[in-house]
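Colleague: Got a minute for this complex? Put it up and I'll ask as we go.

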Number of protein chains: 2
Amino acid sequence: MKEIYVLRLGHRPARDKRVTTHVVLVARAFGAKGVYIEGNDENIIKTTLKVLNTWGGYSYFTIQTVNNGKEIVKKWKRDGGTVVHLTMYGINIADIENELEKIRYPLLIIVGSEKVEGWYYYNADYNVAISNQPHSEVAALAIFLDRIYKGRELYMEFGDARIKIIPQKVGKKVIKSG
Amino acid sequence: MKEIYVLRLGHRPARDKRVTTHVVLVARAFGAKGVYIEGNDENIIKTTLKVLNTWGGYSYFTIQTVNNGKEIVKKWKRDGGTVVHLTMYGINIADIENELEKIRYPLLIIVGSEKVEGWYYYNADYNVAISNQPHSEVAALAIFLDRIYKGRELYMEFGDARIKIIPQKVGKKVIKSG
């Protein structure tokens, strides 16, 4: 798995609870190693730990809240990593897939909530659009990670999972352990 | 564009407002022709019409609420269309991509919110997992449509758009008309 982290900007607990949770779950399921959440919200950390404990990832997936996303971006650049900001105003991912092959890791992927400050556009190494239409940061993150991992992320498994799905044509089947 | 519609089950206005909005926006941006929402919510229709009016799709994208999603599924099967239910318990999409090439349209894609009734598993033609990990119906819908359209959906444009993004390496550029 690659050194990929996600920075979720401007999280407001009441309004963004469920969408940010989806961002975190997509990050985990599609092969990121952790998420930084700009904002203060203990519940989302609790919810995530519960998922990690059941479905796996507890031993390495990290989640933490931060006061100011800019500090994370600055640190990332000081340390020689790459910063990608997902925005519908950026360059269509289909037009820069070759360039993305060559980026230096660790990679920080920024996803906003409402309006994102201009600072992030100027300080990101790449502003990448997952289509130039308005839709969802959850979908944008999923498609971006899918392009990075070329579909292999769909087979992700977690060694420390207590519950594992056995894919079925109809119905549900799981194996429990621990 | 293919004859694809999305059925969003169990929408509860207060709790699901934003996630269902993301489902609708992904449906539009990734090449579906409309969404059925099980539940009662005038606001989500208003929000959607506003987006269609500004960003395009007003002339053909349809959104409507329904009392019972089962009626839509029954109608779909009577009319000879295909019903796909997206669920993490299903067959991994990576393992049935060839089969999906051969499905009959119109296609109805079902996405749930919380727990989905067993009836849907039994009445769907395919239960498809976008990875067998828990994450997000928004991400699942995006990846599914991406596989159907093979990435071409990322270049979707809408003839009746009043605002159009000109992709930029840094910053925002739009053209307005009408």
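Colleague: At what angle do the axes of α1(A) and α1(B) cross?

Modeller: Roughly 55°, and the axes come within 7 Å. Axes here are lines fitted to C-alpha atoms, for helices over the stretch in contact, with angles from 0 to 180 degrees between N-to-C directions. That makes α1(A) oblique to α1(B), meaning neither under 35 degrees (roughly parallel), over 145 (roughly antiparallel) nor 65 to 115 (roughly perpendicular). Helices are DSSP runs of H or I, at least four residues, and strands are E, at least two, numbered from the N terminus.

Colleague: Which residues meet there?

Modeller: Arg18(A), Val19(A) and His22(A) meet Arg18(B), Val19(B) and His22(B). Contact is C-beta atoms, placed from the backbone, within 7 Å.

Colleague: Is this predicted, and how are things numbered?

Modeller: It is a predicted model, where local features need pLDDT of at least 70 and side-chain atom pairs count only at pLDDT 80 or more, while totals for chains, interfaces and linings use all residues. Residues are numbered from 1 along each chain as its sequence is written, with chains lettered from A and ligands numbered from 1 in the order in which they are written.

Colleague: What ipTM does the complex get?

Modeller: The predictor gives 0.97, with a pTM of 0.98.

Colleague: Back to the contact: how many residues does each chain put in?

Modeller: Chain B gives 43 residues and chain A gives 43. On the chain B side, α1(B) has the largest share, 6 residues.

Terms used
Two residues are in contact if their C-beta atoms, placed from the backbone, lie within 7 Å.
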